[in-house]
Amino acid sequence: MDLQNKVAIVTGGSRGIGLAVVEAFLKEGATVVLCGSRQETAEQAVEGIKKSDPKAKVSCIWPNLSDYESVKTSFDGVLKTYGRIDILVNNAGISENTPFLNYTEEVFDRVMDLNVKGVYNCSKAVADWMVKQKDGVILNVSSMVSRYGQPAGIAYPTSKFAVNGFTLSLARELAPKGVRVNAVAPGITETDMVKALPKQVIEPIINTIPLRRIGKPEDIANALVFLASDKANYITGVVLSVDGLART
C-alpha cells in the first residue's frame with residue numbers, strides 16, 4: 001500500500017472531502033489523525049470509521065486552527081503518541097457568498113482566519129519536525145475559484161489565491177530540506193451542501209463540465225493519495241486541478 005507506515009494529519013476530516021481523504025489514507029495503510037472543528041463531530045467521525053473497520057488506525061484531535069498555540073499543542077501530542085508526522089493535509093475551510101457591498105470586516109476575517117491562517121498555523125507546526133527528519137509532505141486544498149473567482153463572497157476566492165501562493169512559495173523554500181508541498185484545486189464536488197441544491201441549479205453546471213458530472217469526494221482524495229505517496233516524490237510546488245475540465 002502506498003502510505004504504509006506513514007502518519008498523517010487531515011484537517012477538516014470529519015465530513016465531506018476531508019472524511020474521504022481520511023478513509024482513502026487508511027485504505028493505503030497510513031495511520032491517520034482526523035482533525036475536527038469540535039470534539040463531538042471528530043469523535044463521531046472516528047466512531048463511524050471504526051464501525052466499518054474496527055482495526056482502522058485512526059484517532060482525532062480538535063484544536064482551534066486559527067490559534068497557533070492550540071495547533072502546536074495538539075500536533076505535539078500526535079508526535080508524542082506516534083513518534084513522527086509524515087503528511088499534513090490542510091483541508092479545513094469555510095466558504096460564503098455575501099455580496100461585496102454587504103461585506104463586513106468580521107465576515108472577511110472569519111474566512112481568512114481559517115482558510116489562510118489555519119493553513120499557516122498547521123504547516124508551521126509540522127515544518128520543524130519534517131525538516132528535522134528530512135522528509136515530509138504538506139498538501140493544501142485550494143479550489144477552482146482560486147483560478148476563476150466567483151460572483152460573490154470575495155473572501156473565499158481571495159483565501160484560495162493565498163493558499164496557492166503559500167503552496168508555491170513554501171515548496172521552493174522547503175524542497176532543499178526534503179519536504180514537498182503541493183495543492184489540489186477541486187471543482188464543484190458532491191458534498192452535503194451541493195447535494196442540497198435543486199436539480200435546476202446543478203444540471204446547467206454539469207453541462208459545462210466535459211466529463212458531464214460533478215466531482216465526488218473520492219476523486220479529490222485519490223489525487224491527494226497520489227501526491228502524498230512516494231510515486232509523486234519528484235513533484236512539488238504544483239496546484240493540481242481536479243475539476244473534470246479539459247484544458248489546452
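**Exercise 1. Surface and burial**

Task: State the accessible surface of the protein chain in this predicted model, and the share that belongs to carbon and sulfur atoms.

Solution. The accessible surface of the protein chain is about 12,700 Å². Carbon and sulfur atoms hold 54% of that area. A further step turns to residues: of the 248 residues in the protein chain, 46% are buried.

**Exercise 2. Overall form**

Task: Decide whether the radius of gyration of the protein chain agrees or disagrees with that of a compact globule, and give the extents of the C-alpha trace.

Solution. Start with the expected value: for 248 residues, a compact globule would have a radius of gyration near 18 Å. The protein chain has 17 Å, so the two agree. Next, take the principal axes, along which the C-alpha trace spans about 50 × 40 × 40 Å. Then count the secondary structure, which amounts to 9 helices and 7 strands. Finally, consider the contacts with a separation of 6 or more: 73% of them join residues 24 or more positions apart.

**Exercise 3. Charges**

Task: Find how far apart the mean positions of the positive and negative charges lie in the protein chain.

Solution. The protein chain carries 28 positive and 26 negative charges. Averaging the positions of each set gives two points that are 5 Å apart.

**Exercise 4. Cysteines**

Task: Count the disulfides, then examine Cys 60 and Cys 122.

Solution. A disulfide requires two cysteine sulfur atoms within 2.5 Å. By this rule the count is 0. For Cys 60, the nearest cysteine sulfur is that of Cys 35, at 9.3 Å, and Cys 60 is in no disulfide. For Cys 122, the nearest cysteine sulfur is again that of Cys 35, here at 6.0 Å, and Cys 122 is likewise in no disulfide. The last step is burial, for which the limit is under 20% relative accessible area. Cys 60 has 19% relative accessibility and therefore counts as buried. Cys 122, with 1%, also counts as buried.

**Exercise 5. Positive phi**

Task: Locate Asn 5 and Arg 212, give the phi of each, and classify each by accessibility.

Solution. The background is that most residues other than glycine have a negative phi. Asn 5, which is not a glycine, has a positive phi of about 70°. Asn 5 lies in the segment before β1 (7-11). Its relative accessible area is 61%, so Asn 5 is exposed. Arg 212 also has a positive phi, near 60°. Arg 212 sits in the loop between α8 (199-207) and α9 (217-228). With 48% relative accessibility, Arg 212 counts as partly exposed.

**Exercise 6. The setting of Gly 29**

Task: Describe where Gly 29 lies, whether Gly 29 is buried or exposed, and which residues Gly 29 contacts beyond its sequence neighbours.

Solution. Gly 29 belongs to the loop between α1 (16-27) and β2. Its relative accessibility is 3%, so Gly 29 counts as buried. Setting aside neighbours within four places in sequence, the contacts of Gly 29 are Met 1, Leu 3, Gln 4, Asn 5 and Lys 57. One of these, Lys 57, is 28 residues from Gly 29 along the chain, and their C-alpha atoms are separated by 8.5 Å. Asn 5, also in the list, is the residue with a positive phi of about 70° from the preceding exercise.

**Exercise 7. Two pairs with a sequence separation of 44**

Task: For Arg 38 with Tyr 82, and for Met 144 with Phe 100, give the C-alpha distance, then describe Arg 38 and Met 144.

Solution. Arg 38 and Tyr 82 are 44 residues apart in sequence, with 22 Å between their C-alpha atoms. Arg 38 is in the loop between β2 (31-35) and α2 (39-52). At 45% relative accessibility, Arg 38 counts as partly exposed. Met 144 and Phe 100 are also 44 residues apart in sequence, and their C-alpha atoms are 20 Å apart. Met 144 is in the loop between β5 (136-141) and α5 (145-148). Its relative accessible area is 25%, so Met 144 is partly exposed. Not counting residues up to four places away in sequence, Met 144 touches Ala 185, Pro 186, Gly 187, Ile 188, Asp 243 and Leu 245.

How values were computed. Residues numbered from 1 in each chain as written. Predicted model: local features only at pLDDT ≥ 70, side-chain atom pairs only at ≥ 80, totals over all residues. Heavy atoms only, no water. Helix = DSSP H or I, 4+ residues; strand = E, 2+ residues; numbered from the N terminus. Rg over C-alpha atoms; globule rule 2.2 N^0.38 Å. Buried < 20%, exposed > 50% of the residue type's maximum accessible area, 1.4 Å probe, protein only. Contact = heavy atoms within 4.5 Å. Areas by Shrake-Rupley, 256 points an atom, 1.4 Å probe, with all protein chains shown as cover. Lys, Arg positive; Asp, Glu negative; His and termini not counted. Charge placed at Lys NZ, Arg CZ, Asp CG, Glu CD.
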